[in-house]
Protein chains: 2
Amino acid sequence: MKNLARTPNDIGHAIRQARKAKKLTQKELAERSGVWQETISKVENGLSDTKLETVFDIFAALDLEIQVQGRSKGSSESFADIF
Amino acid sequence: MKNLARTPNDIGHAIRQARKAKKLTQKELAERSGVWQETISKVENGLSDTKLETVFDIFAALDLEIQVQGRSKGSSESFADIF
DNA sequence: AAATTTCATGATCCATAGATCATAATGTCA
DNA sequence: TGACATTATGATCTATGGATCATGAAATTT
């Protein structure tokens with residue numbers, strides 16, 4: 001399960017997926033990340049040009065991290081394409 | 001070379017490193033990414049809470065992508081710690 | 001060392017992110 | 001179906017990101 005991300009939308013998808021995997025509601029995630037539920041909703045749906053700080057706050061709460069890497073030579077599919 | 005990132009600062013470092021690796025000046029990167037040189041400077045130095053869109057614009061120009069993953073069990077070192 | 005290039009910083013302006021509150025829409029389940 | 005939980009949306013307000021221009025500080029080159 002590799003979650004490649006090349007757009008804010010991809011990040012939103014990754015977050016939603018991770019949150020669901022941990023069986024958390026947006027509200028719960030909001031509480032432990034310090035980010036509002038409303039904001040999380042918008043981020044997951046790509047409805048706002050989120051700030052880095054916010055994403056990382058959410059990532060921390062979900063125990064996620066990011067790895068920056070050169071674009072995979074072969075597949076050019078972005079995370080969103082998988083869904 | 002694993003570029004783990006858990007903070008906006010880590011992203012800045014990763015960008016600077018990738019840019020240098022490609023032997024680009026901030027100005028050149030600015031041109032091909034559509035992001036201002038001044039902004040790139042601030043991002044690389046972690047002087048602004050950059051928006052996701054901006055980071056991805058820069059990533060695209062540097063042919064970078066992101067992989068979202070669970071936090072590495074063993075090492076807890078963030079990208080910044082390597083430097 | 002002087003000139004040139006590269007990078008940093010400071011100010012202004014406009015757009016928008018996120019906090020916050022209220023509420024609507026959707027989903028779930030007894 | 002009706003109640004309750006979850007998610008989405010909409011408005012307002014404040015703070016700040018990024019465009020833009022100007023210029024200062026560093027680094028590099030000749």
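**Exercise 1.** Find the rotation and the shift that superpose chain A on chain B in this predicted model.

*Solution.* Start with the rotation: 180° brings chain A onto chain B. Next, take the shift along the axis, which is 0.0 Å. The RMSD of the fit is 0.0 Å. Therefore the two chains are related by a two-fold axis. Now locate the axis on chain A: A:Lys51 comes closest to the axis, with its C-alpha at 2.1 Å.

**Exercise 2.** Decide why the copies meet through the same surface.

*Solution.* Take the interface residues of chain A. In chain B, 100% of them are interface residues too, so the same surface is used by both copies.

**Exercise 3.** Describe the protein surface near DNA strand C.

*Solution.* Count the residues: 19 lie around strand C. A residue counts if its C-beta atom is within 6 Å. Pick out the nearest: A:Trp36, A:Asp49, A:Thr54, B:Thr25 and B:Ser41. Then assign elements. Helix H3 (37-44) of chain A, and helices H2 (26-33) and H3 (37-44) of chain B, each give at least two residues. H3(B) has the largest share, 4 residues. Last, sort by class: 3 nonpolar, 8 polar and 8 charged.

**Exercise 4.** Do the same for DNA strand D.

*Solution.* Here 20 residues surround the strand. The closest are A:Thr25, A:Ser41, B:Trp36, B:Asp49 and B:Thr54. Two or more residues come from each of H2 (26-33) and H3 of chain A, and H3 of chain B. H3(A) supplies the largest share, 5 residues. By class, the surface has 3 nonpolar, 9 polar and 8 charged residues.

Key. Residues numbered from 1 in each chain as written. Chains lettered and ligands numbered in written order. Predicted model: local features only at pLDDT ≥ 70, side-chain atom pairs only at ≥ 80, totals over all residues. Nonpolar A, V, L, I, M, F, W, Y, C, P; charged D, E, K, R; others polar. Least-squares fit on C-alpha atoms with pLDDT ≥ 70 in both. Contact = placed C-beta atoms within 7 Å.
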